[in-house]
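Student: I have a new structure open and don't know where to begin. Can you walk me through it?

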Amino acid sequence: QVYNDYFFDEPAWNTHDGGYVPLEEPTTPQQKLHVPAVLQPDKETDTDMYYTVTAEEGETQLLPGPKTKTWGYNGSLLGKTIIFKRGKTIHITLKNDLHELTTFHWHGLNVPGPYIDGGCHAPVYPGESSDIEFVCNQPAATLWLHAHPCPSTAQQVWHGLATPVVVQDDVESKLPLPRNYGVDDFPLVLQDRNFHEDNQWDYKADYDPDGVQGKTPMINGTINPYIDVTTQRIRLRVLDGANRREFRLHFNDDLEFAQVASDGGIMPEPVYFTKVMLTCAERDEFIVDFGKYHDGDEVALMSDDVPLVHFRIHQFAKDETKLPDHLVDQPNLTVTPGTKTRHVVMSGMDEEVAIDGKKFNMQRIDARQKVGDVVLWDVTNTNDMVGGMIHPFHIHGTQFLVVSRNGHAPYPNEYGWKDTVSVNPDEHVQIKVRFEYTGVYMYHCHIIEHEDGGMMAQIESYDPDHPKTYKLMDMDTL
Ligand code: C2O
Ligand code: CU
Ligand code: CU
């Protein structure tokens with residue numbers, strides 16, 4: 001079966017928002033897609049990996065003419081791809097070479113909160129560094145690192161503080177999937193930016209409380225990129241790294257492609273599409289088979305009617321590999337008897353955004369859940385302003401399973417691990433949530449300006465036998 005449907009409610013697409021900024025095809029020449037280098041570990045042993053991740057300021061040649069002032073991790077814009085091998089103990093030195101405070105949030109990583117997780121309670125001050133250590137124990141997946149200082153997450157991500165993180169394991173490594181990084185396996189960080197005078201970005205000038213947008217697509221920090229296709233099959237690890245924008249992906253000739261992974265790893269079965277929509281912070285891994293094209297052909301991955309990436313087809317060896325119908329066994333989660341369904345309500349737009357009628361307060365713990373328990377969460381988008389919008393709901397420090405949308409089955413690509421699920425206006429989405437570690441974790445809308453605007457709350461995952469207290473930051477102390 002091949003799906004030809006974006007599934008999300010069409011009247012709620014961001015294209016209907018009064019402040020919507022449509023993408024425009026860049027008029028500058030195509031450039032080879034920037035493939036972020038793999039971050040080399042400072043040291044690696046059989047059991048441990050050591051990294052240094054530095055947030056820094058720099059300049060990047062994005063357009064002809066003056067360079068753009070940008071921020072990045074171990075580079076001037078975005079960052080290098082960071083690889084964690086499952087089972088290893090990971091040691092990371094987090095260095096802040098910026099002129100302001102930042103935090104290093106591992107989006108999608110199952111780690112203890114709130115300090116290792118790197119949300120707003122784990123500041124690293126300018127010129128300083130801090131060390132974290134954790135065991136990587138989750139399935140192979142494409143995750144990401146981004147800044148998360150409240151309430152300037154949106155601005156820091158806009159400047160460029162976001163980079164792919166790849167977890168590897170020996171289940172994924174046995175599947176017949178392309179994994180030759182930079183040759184047939186590419187991260188694609190989808191973003192949008194606005195260029196002002198002298199090719200500079202101006203977050204304040206473009207500010208919109210419902211999320212900042214730009215008319216120019218930027219992919220891995222490349223404007224108008226192309227990929228040289230030299231193998232029949234290609235794997236794309238796509239991240240919606242935009243502050244606000246949804247991407248409605250399709251090829252210009254409606255080429256069919258397969259999704260093999262969602263946020264938290266390989267899905268139980270591949271799902272075939274000609275169209276798929278990604279909302280903020282979601283990751284989808286696609287396998288694209290270019291078998292029907294010939295040397296010299298070109299095909300483009302689009303969002304709505306604007307090309308994001310051009311694929312230039314070259315000679316390639318015939319590849320008969322078929323994706324298996326079954327990829328991985330998906331563990332199910334059984335709701336722990338005696339637990340109560342947790343209701344979470346996302347409401348409002350603009351400055352009115354809230355969760356359960358409240359604005360985020362860094363010092364308030366809004367909910368508690370026993371570590372290891374599986375609890376049903378029922379997440380509603382009340383759509384109480386005209387038109388309504390889709391809110392991508394994200395929880396830190398865990399991967400969850402989607403149970404239903406308004407009592408109906410989830411979308412066909414929502415049967416694997418997820419850490420972000422988008423909720424249509426007037427919809428309630430049920431998910432099964434388990435925390436494997438104790439800690440304080442944030443949950444929020446991943447339209448980053450909504451998050452900064454207070455559509456965020458926090459939950460403590462606790463162990464009744466080992467109560468803990470946490471030093472929670474205060475906005476004023478930032
Ligand atoms: Cu991508 Cu609070 O996170
Ligand atoms: Cu997160
Ligand atoms: Cu939102």
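Student: Let's pick one residue. Where does phenylalanine 84 lie?

Tutor: Phenylalanine 84 is part of strand S7, residues 82–85. Helices (H or I, at least four residues) and strands (E, at least two) are DSSP runs, numbered from the N terminus. Before we go on: this is a predicted model, in which local features need pLDDT of at least 70 and side-chain atom pairs count only at pLDDT 80 or more, while totals for chains, interfaces and linings use all residues. Residues are numbered from 1 along each chain as its sequence is written, chains are lettered from A and ligands numbered from 1 in the order in which they are written, and side-chain values use heavy atoms, with hydrogens and water left out.

Student: OK. Is phenylalanine 84 buried or exposed?

Tutor: Phenylalanine 84 is buried, at a relative accessible area of 0%. Buried means under 20% relative accessible area, exposed over 50%, and partly exposed in between (1.4 Å probe, protein chains only).

Student: What is phenylalanine 84 in contact with?

Tutor: Setting aside neighbours within four places in sequence, phenylalanine 84 has contacts that include Met49, Tyr51, Trp106, Phe134 and Val166. Contact means heavy atoms within 4.5 Å. As for alanine 141, the C-alpha atoms of that residue and phenylalanine 84 are 9.8 Å apart, with their positions 57 residues apart in sequence.

Student: Now the metals. Which residues are the protein donors of the copper ion (ligand 2)?

Tutor: His105 and His394, each through NE2, lie 1.9 Å from that copper ion. Histidine 105 sits in strand S9 (residues 105–107) and histidine 394 in strand S29 (residues 391–395), so the pair ties together parts that are 289 residues apart in sequence. Donors are N, O and S atoms within 2.8 Å of the metal (3.2 Å for Na, K and Ca); water is not among the atoms, so sites may look incomplete.

Student: How accessible are those two?

Tutor: Histidine 105 is buried at 0% relative accessible area, and histidine 394 is buried at 0% as well.

Student: And what coordinates the copper ion (ligand 3)?

Tutor: That copper ion has His391 (ND1), Cys445 (SG) and His450 (ND1), at 2.0 to 2.1 Å. The spacing of these donor residues in sequence is H-x53-C-x4-H. Cysteine 445 is buried, with a relative accessible area of 0%, and histidine 450 is buried with a value of 0%.

Student: How many disulfides are there?

Tutor: The count is zero disulfides, where a disulfide is a pair of cysteine sulfur atoms within 2.5 Å. Take cysteine 280: the nearest cysteine sulfur belongs to cysteine 445 and is 7.5 Å away. Cysteine 280 is buried, with a relative accessible area of 1%.

Student: Which residues does a cis peptide bond join?

Tutor: One such bond joins glycine 113 and proline 114, with omega about -5°. Proline 114 is in the loop between S9 and strand S10 (129–135). Another joins cysteine 150 and proline 151, with omega about 0°, and proline 151 is in the loop between strand S11 (141–146) and helix H1 (153–159).

Student: What about odd backbone angles?

Tutor: Asparagine 406 is not a glycine, yet has a positive phi of about 45°. Asparagine 406 is in the loop between strand S30 (401–405) and strand S31 (420–423), and is partly exposed at 34% relative accessibility. Aspartate 426, also not a glycine, has a positive phi of about 65°. Aspartate 426 is in the loop between S31 and strand S32 (427–434) and is exposed, with a relative accessible area of 59%.

Student: Last topic, empty space. How much space lies in the largest pocket?

Tutor: The largest pocket holds about 350 Å³. It has 22 lining residues, and the closest to its centre are Arg86, Gln138, Pro139, Pro331 and Trp417. On a 1 Å grid over the protein atoms alone, a pocket is an open set of points with protein on both sides within 12 Å along at least five of seven lines, a cavity is a set where a 1.4 Å probe fits but cannot get out, and lining residues have an atom within 4 Å of a point. Grid points are joined across faces, edges and corners, and a volume is the space filled by probe spheres set on the points.

Student: How many cavities does the search find?

Tutor: The whole structure has three cavities of 30 Å³ or more. The largest cavity contains about 110 Å³ of space.
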